[in-house]
Amino acid sequence: GILEAQEKALELVTSSRRGIVLKGRQVGITTFLLAYDLLFAICNPGLTVIIAMQTDEIAKEKLGVIRSWCDEIEIPLVVRDAHKLVFGNGAIIKCMSSGSRAAEGQTRMARGGSASMLHVSELAFWTLDSKAFQSLSSAAFPDAKIVVESTGTAAQSYFRKMWDTATDPMVEEPMYGAIFIGVEDDQDARRDPRTITEETWAALQKDRGFSRRDTAAWWWQKLMGDYAGDVHGLLQEEPVK
């Protein structure tokens, strides 16, 4: 069935033409959106979906996931190469990476075609992020659906600027709907709440903003184990708020 975090993403993509998702690691959002990309292609004959990742290797890997789903549920493909799938209804899913650049720092992303849907993943970690994203969005039709999802970073990235604008209370009608999917939305990030003391639980509520004790217990174990007390490192991978 659909995961709790994926339910939030579903609400966003069905209610907003453009959406931005700030998320933690391994919460299933990219996989969910790949499934949405496939559904969009099936339901919209002749239209093009572009999936954009930070590296070509990852882009081809994600397109391979969709290709395997098509094989599993027996959806016929007219073309099935490493960067493009063409469906019997004329819909196309293309994958590309932010690493393809022209001279003098210009990007070649999305040149030579228009898209009705853009799925942009991990924008916060792209090279030449603003130029690449602007090239992508300019290649989309005016009414295209655009979904941008990324893990956060402390750096002043283009994704962070987009997020700040989308969540700025002074902006009356932001272009992008925005949702945050943190560790408390991850139903796998749970541990017996009795494994942390009352003092630790109180501190995690006050200092880190936890509202679920079972997730706080999981996060604390992760902090004291795999992350050896590196709070900032764990907050980037498993954000709370």
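Two strands count as paired when DSSP finds at least two bridges between them. In this predicted model, that criterion places strand 6 and strand 7 (residues 140-151) side by side, running in the parallel sense over 6 bridges. Within this arrangement, S121 stands opposite E149 in strand 7.

The two strands belong to a wider assembly. An open sheet is formed by 8 strands, in the order 3-4-5-2-6-7-1-8, and the pairing within the sheet is mixed. The edges are held by strand 3 (77-80) and strand 8 (177-181), each of which pairs on one side only. From one strand to the next, the twist averages 15 degrees.

Helices pack against this sheet. Helix 1 (residues 4-15) touches strand 1 (18-23), strand 7 and strand 8, and the direction of helix 1 makes about 180 degrees with that of strand 8. Helix 5 lies across strand 1, strand 7 and strand 8 as well, and runs at about 115 degrees to strand 1.

Salt bridges connect helix 1 with a loop that lies far along the chain. The side chains of R190 and E4 meet in one such bridge, with an N to O distance of 3.3 Å. This pair links distant parts of the chain: R190 is in the loop between strand 8 and helix 6 (198-208), E4 is in helix 1, and the two are 186 residues apart. E4 is partly exposed, with a relative accessible area of 36%. A second bridge joins K8 and D185, again with 3.3 Å from N to O. Here K8 lies in helix 1 and D185 in the loop between strand 8 and helix 6, with their positions 177 residues apart in the chain. K8 is partly exposed, at 28% relative accessibility.

These two pairs are among the 14 salt bridges that a search of the whole structure finds. Another joins E61 to K62, the closest N and O atoms being 3.9 Å apart; this distance falls within the 4 Å cut-off, so the pair is counted. E61 is partly exposed, with 47% relative accessibility. In general terms, side chains of opposite charge can pair when their charged atoms come close. Some of the charged residues are joined further: K23, R25, E122, E149 and E237 are linked in a network of salt bridges. E149 is also the residue that stands opposite S121.

E122, a member of that network, merits attention for its backbone. E122 has a positive phi of about 55 degrees although it is not a glycine. This residue is found in the loop between strand 6 (115-121) and helix 4 (129-138). E122 is buried, its relative accessible area being 6%. The loop between strand 6 and helix 4 also holds L128, another residue other than glycine with a positive phi, here near 50 degrees. L128 is partly exposed, with a relative accessible area of 30%.

Helix 4 leads on to the aromatic contacts, where a search of the whole structure finds 2 aromatic pairs. F133 and Y158 form a tilted pair, 5.9 Å centre to centre with 45 degrees between the planes. The pair links distant parts of the chain, since F133 is in helix 4 and Y158 in helix 5 (residues 158-166), 25 residues apart. F133 is buried, with a relative accessible area of 4%. In the pair of F210 and W219, the ring centres are 5.5 Å apart and the planes stand at 65 degrees, so this pair is edge-to-face. Both partners are buried: F210 has a relative accessible area of 4%, and W219 has 1% relative accessibility.

The cysteines remain to be considered. A disulfide is a covalent bond between the sulfur atoms of two cysteines. How many disulfides does the model contain? The count comes to 0. For C70, the closest cysteine sulfur is that of C43, and the distance of 13 Å is too far for a bond; the cut-off for a disulfide is 2.5 Å. C95 is in no disulfide either, the nearest cysteine sulfur, that of C70, being 13 Å away. Both C70 and C95 are buried, C70 with a relative accessible area of 0% and C95 at 5% relative accessibility.

Key:
Residues are numbered from 1 along each chain as its sequence is written. This is a predicted model: local features need pLDDT of at least 70, side-chain atom pairs count only at pLDDT 80 or more; totals for chains, interfaces and linings use all residues. Side-chain values use heavy atoms; hydrogens and water are left out. Helices (H or I, at least four residues) and strands (E, at least two) are DSSP runs, numbered from the N terminus. Buried means under 20% relative accessible area, exposed over 50%, partly exposed in between (1.4 Å probe, protein chains only). Rings of Phe, Tyr and Trp (its six-membered ring) pair if their centres lie within 6.5 Å; planes under 30 degrees apart count as stacked, over 60 as edge-to-face and the rest as tilted. Axes are lines fitted to C-alpha atoms, for helices over the stretch in contact, and angles run from 0 to 180 degrees between N-to-C directions. Contact means heavy atoms within 4.5 Å.
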